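Thanks, everyone, for making the time this morning. I would like to walk through one model with you, going from the chain as a whole to the sheet and then to individual side chains, so please keep the display open while I talk.

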Amino acid sequence: MDANTRRLDAWFEQLERVPLAEKFRVEVVGGNVHMTPQRTTHWQVISLITHAVEDRFGREATIFSNVRIDFPGPENGFCPDVALLRTDTFPRD
């Protein structure tokens with residue numbers, strides 16, 4: 001585990017203790033915390049996109065929604081609405 005991942009882990013551990021965090025989408029972008037409220041309409045759009053991706057790439061497609069993915073660059077722990085990963089990609093815990 002590199003220093004960037006350890007810093008992101010520390011950020012997210014602290015943010016999980018914030019009482020309102022479960023009602024918000026939380027991301028760390030360039031070391032800055034971004035919190036946006038979640039709404040029903042937002043999830044409905046995500047669901048439509050996910051179904052469209054499955055229609056195009058099959059049900060075996062590696063699709064994630066609103067989970068932390070550490071993208072390249074310092075302190076970038078994004079939680080994309082929808083992420084399609086290559087089939088040979090294996091996420092790490």
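Buried residues make up 27% of the 93 residues in this chain, and I should say at once that what we have on the screen is a predicted model. Along its principal axes, the C-alpha trace spans about 35 × 30 × 20 Å. If we consider the contacts in the chain with a separation of 6 or more, 42% of them are accounted for by residues 24 or more positions apart.

In terms of secondary structure, there are 2 helices and 6 strands, and, reading from the N terminus on, the elements follow the order α-β-β-α-β-β-β-β.

Let me turn to the sheet. In which order do the 4 strands of the open sheet lie? The order is β2-β1-β5-β4, and the pairing is antiparallel. The edge strands, each of which pairs on one side only, are β2, residues 32–37, and β4, residues 69–70. Helix α1, which covers residues 3–16, packs on this sheet and touches β1, β2, β4 and β5, with its direction making about 155° with that of β1.

As a general reminder, the strands of a sheet pair through backbone hydrogen bonds, in either a parallel or an antiparallel fashion. Here, β1 and β2 run antiparallel and are joined by 6 bridges, and within that pairing Glu27 stands opposite His34 in β2. The hairpin formed by β1 and β2 has 2 residues between the strands, and in it Gly30 takes a positive phi near 60°. On the β5 side, 2 bridges join β1, residues 24–29, to β5, residues 76–78, and these strands also run antiparallel. Along that pairing, Val28 stands opposite Gly77 in β5, while Val29 stands opposite Asn76 in β5.

I would now like to look at two individual positions, beginning with Asn4, which has its place in helix α1. Is Asn4 buried or exposed? With a relative accessible area of 15%, Asn4 is buried. Once its neighbours within four places in sequence are left aside, Asn4 is in contact with Gly73, Pro74 and Glu75. By way of contrast along the chain, the C-alpha atoms of Asn4 and Lys23, which are 19 residues apart in sequence, are separated by 26 Å.

The other position is Thr62, which lies in strand β3. Thr62 counts as buried because its relative accessibility is 19%, and the cut-off for that class is under 20%. Not counting residues up to four places away in sequence, Thr62 touches Ala83, Leu84, Leu85, Arg86 and Thr87.

That brings me to the charged side chains. How many salt bridges does a search of the whole structure find? The search finds 3 of them. One is between the side chains of Asp9 and Arg68, at 2.9 Å from N to O. This pair links distant parts of the chain, since Asp9 sits in helix α1 and Arg68 in the loop between β3, residues 62–64, and β4, with their positions 59 residues apart in the sequence numbering. Asp9 counts as partly exposed at 22% relative accessibility, and Arg68 is likewise partly exposed, with a relative accessible area of 28%.

Arg68 also forms a salt bridge with Asp70, where the closest N and O atoms are 2.8 Å apart, and Asp70 is partly exposed, with a relative accessible area of 34%. Salt bridges that share partners therefore join Asp9, Arg68 and Asp70 into one network.

There is also a salt bridge between Glu54 and Arg59, whose closest N and O atoms are 3.3 Å apart. Glu54 is buried, with a relative accessible area of 17%, whereas Arg59 counts as exposed at 66% relative accessibility.

Finally, a word on the rings. The structure holds 0 aromatic pairs, but Arg56 lies over the face of Phe57, at 4.8 Å from the ring centre.

Terms used. Residues are numbered from 1 along each chain as its sequence is written. This is a predicted model: local features need pLDDT of at least 70, side-chain atom pairs count only at pLDDT 80 or more; totals for chains, interfaces and linings use all residues. Side-chain values use heavy atoms; hydrogens and water are left out. Rings of Phe, Tyr and Trp (its six-membered ring) pair if their centres lie within 6.5 Å; planes under 30 degrees apart count as stacked, over 60 as edge-to-face and the rest as tilted. A charge sits over a ring if NZ of Lys or CZ of Arg is within 6 Å of the ring centre and within 35 degrees of the ring normal. Two strands pair if DSSP finds at least two bridges between them. Contact means heavy atoms within 4.5 Å. Axes are lines fitted to C-alpha atoms, for helices over the stretch in contact, and angles run from 0 to 180 degrees between N-to-C directions. A salt bridge is a side-chain nitrogen of Lys or Arg within 4 Å of a carboxyl oxygen of Asp or Glu. Buried means under 20% relative accessible area, exposed over 50%, partly exposed in between (1.4 Å probe, protein chains only).
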